[in-house]
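Here's a quick tour of one model, from its sheet out to a few spots on the surface. Have the viewer open as you read.

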Amino acid sequence: MSAWVLPDHIADVLPSEARHIEELRRQLLDTARGYGYELVMPPLLEHLESLLSGTGEALDLQTFKLVDQLSGRSMGLRADTTPQVARIDAHLLNRDGVARLCYCGPVLHTRPDRPHATREPLQFGAEIYGHAGLEADTETLLLALDCLDAAGLRDGVIVDLADARIVRALFAGVPVDAAALARVHAALAAKDASELHLLTKDFPAASRDGLRALVQLYGDASVLDEAAKALKGTPAVSAALADLKQLAAGLNGSAGRQISFDLADLRGYAYYSGMRFGIYVPGAADSLVRGGRYDEVGAVFGRNRPAVGFSLDVRELVGVLPARPLRAAIRAPWSDAAGLRQAIAQLRKAGETVVCVLPGHGSEIDEFHCDRELVEQAGQWNVRAI
């Protein structure tokens, strides 16, 4: 095998795409900062027991593991940043009130989490700790949509809402082991009514009928009224449906965005405890943004308090956007002349990109496609169009 061949689902990022990714990274972080979110930078590598605490089997299987040569302890390369941010909130910040935190950095996956995905996403996310009300849920959704808007995605955006409390309530009191539970979850996610019928045939009637009804409960806002009839008699379900209705009302002013519901949607990591959402955009094979409420994520760190947030892969986001035009640049000759160097320095301080052509390379392809050049006229260096 050639030394330059990279592993499957790992790729270099070349200049034009790298510029786009970096510009988006800055835009997303600036958008979050506009809402009052503070940037944190968790390490890529952590002790395994800290990195995987409370996250469930799905994240465990996605995590690369190795042995620390200094301590001999097992360590992991993060596959998701949320548990790390929960640890920061619980142990390093330890604030009494609300904490708004955001981040953007690489994560590593043992396998791609969807077709054609990279195993090295650049994960951007934003999270609110310390507020249990719908206000935090609504802010999270609005920020996620504003981030997509900043990236140039508005038309054709679909916000798909669900709530983990609904399935939890239907499983309450049902004697089922973890393996059987996983099979039911898979059948619900796949909307496999026949498989679900077999798996739930011995469940109590209320749970059996409720789970089977979930397979059909997806679509527009009318789904919530249908669910209220099909799943009546369960207070937790009623509360979840009421919250979803209020959240949808809070987003109705978002022009060009469609709101849908899928009450059987169980995709994602095990820590979701309430509202969950996915945001779909044209050109993406699956949800581009995923998020929700995960109030129990900090419990393993000794601080169980409300939490809600979302994340997206900036590299995947770039893949559904048109290529950005290159920023205009200025071409300049290479010279030791003090006047020329001073002119170049002033232009760069003013925010211009000035590319000096090295001797003997004037006929080569210009990466920046310079549309102006710096020329000497009457002893002065001036910029003129090419």
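How many bridges join strand 10 to strand 11, and do the two run parallel or antiparallel? There are 4 bridges between strand 10 (residues 275–280) and strand 11 (residues 289–293), and the strands run antiparallel. Across that pairing, Arg 276 sits opposite Gly 292 in strand 11. Keep in mind that this is a predicted model.

## The sheet

Strands 10 and 11 belong to an open sheet of 9 strands with mixed pairing, in the order 1-5-6-12-11-10-7-9-8. At the edges you'll find strand 1 and strand 8 (218–219), each pairing on one side only.

Helix 1 (residues 15–34) lies across strand 1, strand 5, strand 6 and strand 12 (307–313). Against strand 5, helix 1 runs at about 175 degrees.

## Two positive phi values

Most residues other than glycine have a negative phi. Asn 94 goes the other way, with a positive phi of about 50 degrees. You'll find Asn 94 in the loop between helix 4 (82–93) and strand 5 (99–106), and with a relative accessible area of 46% Asn 94 is partly exposed.

His 116 also has a positive phi, near 65 degrees. This residue is in the loop between strand 5 and strand 6 (122–129). His 116 counts as exposed because its relative accessibility is 81%, and the cut-off for exposed is over 50%.

## A nonpolar patch

On the surface, Leu 44, Leu 45 and Leu 66 make up a nonpolar patch, with about 210 Å² of accessible area together. Leu 44 is in the loop between strand 1 (38–39) and strand 2 (45–47), and is partly exposed at 34% relative accessibility.

Terms used: Residues numbered from 1 in each chain as written. Predicted model: local features only at pLDDT ≥ 70, side-chain atom pairs only at ≥ 80, totals over all residues. Heavy atoms only, no water. Buried < 20%, exposed > 50% of the residue type's maximum accessible area, 1.4 Å probe, protein only. Patch = residues over 30% accessible without salt bridge, like charges linked within 9 Å, V, L, I, M, F, W, Y side chains within 5 Å. Areas by Shrake-Rupley, 256 points an atom, 1.4 Å probe, with all protein chains shown as cover. Salt bridge = Lys/Arg side-chain N within 4 Å of Asp/Glu carboxyl O. Pairing = 2+ DSSP bridges. Contact = heavy atoms within 4.5 Å. Axes fitted to C-alpha atoms, helices over the stretch in contact; angles between N-to-C directions.
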